[in-house]
Structures are given as C-alpha cells and as structure tokens.
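This report introduces a protein chain to a reader who has not met it before. Please look over the sequence and the structure first.

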Amino acid sequence: MFDATEFREIVSGRKQGLSATLIRGSLHIPAAGYRTAIYLRNKLFDSHIRRAQRVEVPVISVGNLTVGGTGKSPFVLWLARWLTQQGIRPAVLSRGYGAERGHLNDEALELRLRVPNLFHLQSADRVQSARRAIAEFYAQVLILDDGFQHRRLARNLDIVLIDATEPFGYGHLLPRGLLREPMSALSRAQAVILTRADQVSAERKQSIQKTIAAYIREAVWAEATFVPTDLLDDHGTSHPLSDLRSSRVFGFAAIGQPENFRRTLQSLSGQLVGFRSFPDHHRFSGDEFLQLLSAARSACANLLVCTCKDLVKIPPGAFDPNPVRAIRIDTHLSWGSTELEQLLSSVILPKSP
C-alpha cells in the first residue's frame with residue numbers, strides 16, 4: 001500500500017513506469033462508481049427531494065473541490081477574526097475528522113490556541129450542531145468548516161478555496177484523481193479564493209481563473225497568501241522567525257500537503273537537514289516522538305519545527321532536551337479583499353426595510 005505522497009505522485013502522472021500506469025488504469029473503475037454516487041446525491045438536493053435544513057442565523061460554508069490542504073484552517077481563522085471584528089459572534093461547525101472519542105481534533109485545538117473564545121462544535125450531524133450553537137452559545141453566524149459537500153445544512157454563502165499549486169485534482173474524481181466533485185459543482189459557489197497565489201505565475205493564475213469562469217456565471221474572485229508571522233513553542237510562547245536562520249532545522253508535518261510546509265521551511269531556515277511527513281490528522285505515538293527525535297539528532301539538528309496543527313498534538317516536553325517550534329501562519333488577501341468583505345457584509349448584516 002502507498003502513502004499520501006506516493007498516491008499524489010501516481011494520480012498526478014508524475015510517477016512513471018508499468019506499475020504506476022496499471023494503478024492509474026485500475027482507479028478509473030472505483031472513480032466511476034464514486035461519480036455516480038455524487039451525481040445521485042446532488043440530484044436529490046438539486047431537485048429538492050432531499051431538503052437542506054435552514055437555521056435562523058446566516059451560515060457561511062468554507063470548503064474546497066479537492067482533497068488535501070487548500071488552506072481551509074488559516075482561512076477559517078481569518079473569517080472568524082473578521083466576523084468578531086464586525087461585532088458578530090461566530091461559531092465554527094466541523095465534522096471532526098481524526099478526533100478521538102470525546103476529544104477535539106487537531107484543527108479544533110489549533111483554533112482554540114489561536115482564538116481562545118471562539119465556539120467550535122464538532123459532530124457528524126452539523127444540523128444538530130448548528131441548532132446547539134445558536135441555542136447554547138447564542139451564535140450569530142455559523143462557519144461551516146469543510147462544508148461545500150455537506151449539503152444537509154442550508155447556507156447563505158458558499159466560499160470555495162482553490163489551491164493554485166494543485167487547482168483541479170489532476171482532472172479526475174477520487175480515487176483516480178483528487179476531485180471530491182466534478183468541476184461543474186463550482187456553479188454552487190458565490191466566492192472563489194485562490195490560495196497560495198504567490199507560488200504561481202500571473203499567467204498561471206489567469207489560466208486557473210479562466211477555467212473556473214467556465215463553471216460559474218458570477219462570483220467574487222479573491223487571492224490569498226499564507227504569511228508566516230512567528231514561532232510558537234510547546235508552552236505557547238512566541239519566538240521570532242529569525243531563530244530559524246541560525247538553526248539546523250528538522251521538520252515534520254501531518255497535514256494535507258506536507259510538501260508546501262517543507263518548501264516554507266526551506267525558505268525560512270538556515271539549514272533544513274531533514275523532514276518527515278505523516279498522513280493528515282495523524283496522531284503521534286510515543287514511539288514516533290522518539291523516532292523523530294532520533295532522526296533529528298542523527299542529522300545534527302538543534303531545532304524541530306512543525307505546523308501549529310501538529311503542535312497542539314504534542315505533549316509539552318515530548319522532545320526534551322531538543323526544542324520544538326511551530327510556524328504560526330496568517331492569511332493575507334492579496335487581491336479581492338474589498339469585494340469579499342462586501343459580500344460577507346451583505347450576508348451577515350440585516351437588510352434595510
């Protein structure tokens with residue numbers, strides 16, 4: 001069996017050879033079944049045979065069209081902060097992938113670290129979560145995290161994130177590619193945000209926008225970059241990013257696209273002497289901490305660095321005596337911020353009589 005990184009290499013076509021070609025060919029069969037299931041589910045909602053449940057406060061969905069890290073977590077953080085700045089009390093609703101029974105998952109723990117007073121409910125039944133957020137926490141706006149494919153809860157606004165470095169899932173539905181729905185599903189979105197927009201050329205951005213425009217009649221277009229701000233240690237203390245320049249860094253990440261984090265580390269650190277990737281939402285065992293520490297020592301690293309999403313899963317002192325840091329990242333809207341904020345305001349503010 002292959003891991004997430006190798007899977008991407010195969011379905012993207014970057015990995016050549018007879019075995020990779022045969023795997024790609026065989027994946028067309030389950031992809032056809034998946035396409036049928038998605039079509040039937042969407043048809044039930046589009047024809048109103050299945051009706052989305054509506055609640056009494058605005059719902060803003062933040063989602064994507066592909067599996068893997070498009071940057072939902074930092075954007076949800078940006079949106080929660082923006083709503084709070086408008087004097088609105090938001091709550092985040094998520095399914096809680098990777099959470100152990102009775103515990104929050106890594107994304108919820110990261111949000112708690114970054115926005116301590118933000119209400120975050122995790123449940124597979126997000127309609128029930130929505131009603132609870134309104135009744136118990138007096139939420140005025142609900143953020144439906146990873147909600148584009150979750151159609152049971154009606155929403156007032158669908159925001160879709162597209163990763164500029166891997167925008168269209170290699171043109172195939174799961175498992176042959178990375179698409180969770182056909183491209184035509186974009187017609188449901190009212191806003192599209194191109195994330196990691198700084199990592200591709202202007203021509204590439206224009207090409208992506210032209211492809212998307214073929215599926216959406218009218219939608220707000222915005223571009224976002226993820227900007228490293230500082231380092232956090234396992235006690236929550238902030239440290240300057242410049243610490244990376246004078247360090248031999250060993251990095252690790254359990255996120256949707258660890259390669260993006262590796263590139264960030266490489267650009268910020270003096271020497272990146274090693275890197276390990278794990279599946280998204282992976283929970284580290286005690287043995288894995290020891291293995292990472294051993295690998296870092298073998299590479300003569302004096303600093304272990306991960307994402308904030310990973311840091312919240314690490315007990316303080318797990319890597320003693322070697323220090324561990326997480327890179328804190330904020331979302332910066334490099335294009336379309338005014339239009340996006342106007343669209344958000346039209347959803348959350350009461351209409352004039």
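What percentage of the 353 residues in the protein chain do buried residues make up? Buried residues, meaning those under 20% relative accessible area with a 1.4 Å probe and protein chains only, make up 51% of the 353 residues. The model is a predicted one, in which local features need pLDDT of at least 70 and side-chain atom pairs count only at pLDDT 80 or more, whereas totals for chains, interfaces and linings use all residues. Residues are numbered from 1 along each chain as its sequence is written, and side-chain values use heavy atoms, with hydrogens and water left out.

The secondary structure comes to eleven helices and twelve strands, taken as DSSP runs (H or I of at least four residues for helices, E of at least two for strands) and numbered from the N terminus. Of the contacts with a separation of 6 or more, 76% are accounted for by residues 24 or more positions apart, where contact means heavy atoms within 4.5 Å.

One pair of helices, H4 and H5, packs at an angle of about 40°, with their axes 11 Å apart. That angle makes H4 oblique to H5, since angles under 35 degrees count as roughly parallel, over 145 as roughly antiparallel, 65 to 115 as roughly perpendicular and the rest as oblique. The residues that make the contact are listed by helix below.

| Helix | Residues in the contact |
|---|---|
| H4 (residues 72–85) | Ser73, Val76, Leu77, Arg81 |
| H5 (residues 106–114) | Glu107, Glu110, Leu111, Arg114 |

Methods: Axes are lines fitted to C-alpha atoms, for helices over the stretch in contact, and angles run from 0 to 180 degrees between N-to-C directions. Buried means under 20% relative accessible area, exposed over 50%, partly exposed in between (1.4 Å probe, protein chains only).
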